[in-house]
Every structure is written in structure tokens, then in C-alpha cells.
Amino acid sequence: MTRNRVRSAFAFAALLLAGATCLAAAGIPEFERALSSLALPGEAEIRQAFEVGFSQNRLEVEEALLLVEGLSRAPGNGPEKQGILLIVAGALRDGLPASMLVSKACEGLARGVPLLAIEQGVAQRARLEVEVRDLLYAKRIFSAPTEAAAPPGALPSARFDALVSEIADALADYLEGGGSPLEGYLLLDAVTLRLTKLSGTVLPPQDVSLVLARIEAGDLTSVVLNALDQPKK
Amino acid sequence: MSADSLEEALRDTLHQEVARERPRLDGLEKCVTTELAGRLPRLRPSEAFRRLLAPTRGARIGQLAVVTATAVLFLLVGVLLAGKVSPWREPGLRLTAAGAGDARGAAGVLFIMPAPGAKSVAVVGTWNGWQATPLSDSDGDGIWTATIPLAPGRHEYAFVVDGRWWGQDPLADEVVRSFGEYNSVRYVGRAGDGA
């Protein structure tokens, strides 16, 4: 009797898993078709990086599909569209979270912003993500694939990615609002406000405390200056 | 010798005496505590606990321990219960003084846009890839509304009134610049919803 119940439970779990896998994979062919319709020279590179991102849960297929569909509707030439996709692909290849970048690009497309301006805005956020990730590493805050595999001091990659994404987004918003990168305390205020408001919802309070205890105003100034100095990728 | 001068001489003598003996007095307290600690019998934890609860020798301390443990237990239960029923975990719509809604549960976040005479009003945001979700004005009073279920977190958005973007919602928690224009922000969840 008990054995039958265990078998039924396993069968049910396997069905659920199979269903979830089918659902997750359902959008990928659609994404690939939409990407092919753009006829970009770097299509293979973009597809490969995006598929890595899907498998690592750093980007949802639906988000990517919205971006590609938005690009296909947008007026403009192929190289500019490819430029936006290559920035996202580069972030995914570097193991960075890409949802924020895709969302920014989709917003630009919806607003009818010129493709070059969208590319510049997305590129700046991508550079900020790189710098923020490096800052967290320098502050001995690392990421691990899963919670079980996380050594002391390391966060599961989803939590680490959420920190990188939110800090970079807060810095980008500060800069877009006309803030100076030299005002380190204002940068720190912006980051503190963002993390504190998200503490207990999308960010665990202990992660927020960890970051705020280790970063200083000067660190953020360096992050922003480095991001602004780097050549466009 | 007058009484005053005698007292003064006596005080001076005492000060000199204390100053002379200071090196010996400095370590006196540490000396005494070390000596006393050495003389006390060392108890194992089980023995100490047994003595604490003994009816004859430690009756009062034992009672005190039981009362304290009970109080701590009640406090823990209270804290746990408070966590279960705290307001930010309560599902459903909750209007704040600012009029913003809380999106946990099925009810969602309430978006309000006064636009008398408008033909169409929609809201676009980070939650839907900046695709338009229409607002409705069923009674025709010019106040367009929509209630949208949103996950906890930070959501940027703007209204689109007859095709024109409007990103400065007075009910927003924040307003940020984006592509040279404005976006409103709602925080949904524990620290957000305009509270």
C-alpha cells in the first residue's frame, strides 16, 4: 500500500516535471523563428548566448521573444538591432542577469526611441552590471550555482544576480536623473534606498545587510567612473 | 593648632599615604577575585542545573527559571504568530493614504489616471514588457482605473493617454528618468505599496 503511494507520488512528480519542461521549451522555437526573421549576420552567436541564458535562468524566453518581436517591428537598420542583441548576448555569456537590459530595450522600443540611443542606454547598464559584479567579488561576496553548493560567504546565483541587477539599475537611474558620479554619498544613498525597499520581497534581508555593511561611497564612485570610462562593447 | 589646620594636615597625610601605597592597591581587586574563584568548587552543568531546581536549596531560583522559560515560550509563540498575520502578508487589495494598492493575492495594484475626454488610457510597465494594458472608465467620469496583479518587487511604469506617454503618477512611490522622459515606480510587497 505504502509502496503504491510512493510510486504514485513519484509518477505525479515526474509528470509535473515533464510538463514544466515542455512549457519552458515551448517558447524557444518561436524565439528562434523570430530571431531568424531579423536576418542578422551574428544570429548564431546571439542564439547560442541566449540559449545559455535560458538554461541558467538568467532570462525568460518570453522576455527575449518580446525584445526580438519589438526589434522586428522597429524602423531602423540591421546593425543597430544586432548591436542591442549583442549587448544582451554578451551579458549572458559573462554570466550576468539580463532581464533588466531586455526590459530597458523593450521600453525604448515601446517609446519609439532611436535604436542607437537604446543601444547606448542598454550598453551603459551592461557595463554597470559588470562593474557591480566585480565590486561584490572584491568585497568577498561570491555566487554559487545552488544554495547547497554555496560555500560560506557565497550566495546562490539567483540571489547574487538580483543584487547585481538592482544595484546596477539604481546607479543607472541615478545617472539618468542627472546625478554626478563623483557624489559617492548620493550614489550610496540611491543604492541603500533601492535595496532597503526591496528587502524582504525580492531580496532577502540578510543579503541586503551583507552588501550595505561592505560597500562604501568611494566604491560606488569607482564603479560608476569605470563603467563610464569603458569603451562601448 | 586650629581644627581647620588639623583637618588639612590630616587630609594631606592620608593623600600621601594612599599615593605611596598605590602600586600595591592597583592589583588588589584582581588579586581578590582570582583568589576567590580558585576557592569555589567547580560544578558540572548537570550538577548546577540540579542544584538550581532542588526544592530545598534552590526552590526560588527554580521557580524563577520555570516562569522565565514559560514567558520566553509565550514570547516566541507570539512573535511567530505575529509573523503569520502581519499586515504585509495579508492578501488582497489595501488602499493606503496615498491611494496606492497592494498587489499580493488576487486583487492586485490599483492604477488610477484622471483623463477627462481621453479616448483611450493604458498602462505600460516592466511587468508586461512595456505592452499596453488598458484602463477603463465605465461610469464616464474621466477617472480611468485598472487593477493589475503584480508580483512583489519594484515595477516601473507609465500611462499612455491617447498614445502619449505620461510617467509622473502622483500616486507613485518614486519617479525616475528614462530615455530623457519620466517613469513612475511602485514597490509592491513588504516595504512598498506607497506605505
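This tour of a predicted model goes from the contact between two chains to a pair of helices and then to one further helix.

Begin by selecting the residues of chain A and chain B that touch one another: 21 residues of chain A and 18 residues of chain B take part in this contact. On the side of chain A that touches chain B, color the elements that give two or more residues each, namely α3 (61–73), α5 (99–111), α6 (115–138), α7 (157–176) and α8 (184–198) of chain A. The largest share of that side comes from α5(A), with six residues. If the residues on the chain A side are then colored by character, they divide into seven nonpolar, eight polar and six charged.

Next, keep α6(A) in view and add helix α4 of chain A, residues 78–93; the axes of these two helices come within 9 Å and cross at roughly 10°. Because angles under 35 degrees count as roughly parallel, α4(A) is described as roughly parallel to α6(A). To see where they meet, select residues of α4(A), including Ile84(A), Ile87(A) and Ala91(A), together with residues of α6(A), among them Ile118(A), Val122(A) and Ala126(A). The residues of this contact divide into nine nonpolar, two polar and four charged.

Finally, select α7(A), where 17 of the 20 residues are buried, so that this helix is largely enclosed by the rest of the structure. A distance between the end C-alpha atoms of α7(A) gives 28 Å, which agrees with the 28 Å that its 20 residues should span at 1.5 Å a residue. Just beyond, stop at Gly178(A), which follows α7(A) and has a positive phi, near 95°.

Conventions
Residues are numbered from 1 along each chain as its sequence is written. Chains are lettered from A and ligands numbered from 1 in the order in which they are written. This is a predicted model: local features need pLDDT of at least 70, side-chain atom pairs count only at pLDDT 80 or more; totals for chains, interfaces and linings use all residues. Two residues are in contact if their C-beta atoms, placed from the backbone, lie within 7 Å. Helices (H or I, at least four residues) and strands (E, at least two) are DSSP runs, numbered from the N terminus. Ala, Val, Leu, Ile, Met, Phe, Trp, Tyr, Cys and Pro count as nonpolar, Asp, Glu, Lys and Arg as charged, and the others, Gly among them, as polar. Axes are lines fitted to C-alpha atoms, for helices over the stretch in contact, and angles run from 0 to 180 degrees between N-to-C directions. Angles under 35 degrees count as roughly parallel, over 145 as roughly antiparallel, 65 to 115 as roughly perpendicular and the rest as oblique. The expected span of a helix is 1.5 Å times one less than its number of residues. A residue is buried if 20 or more other C-beta atoms lie within 10 Å of its own, exposed if 12 or fewer, and partly exposed in between; C-beta atoms are placed from the backbone.
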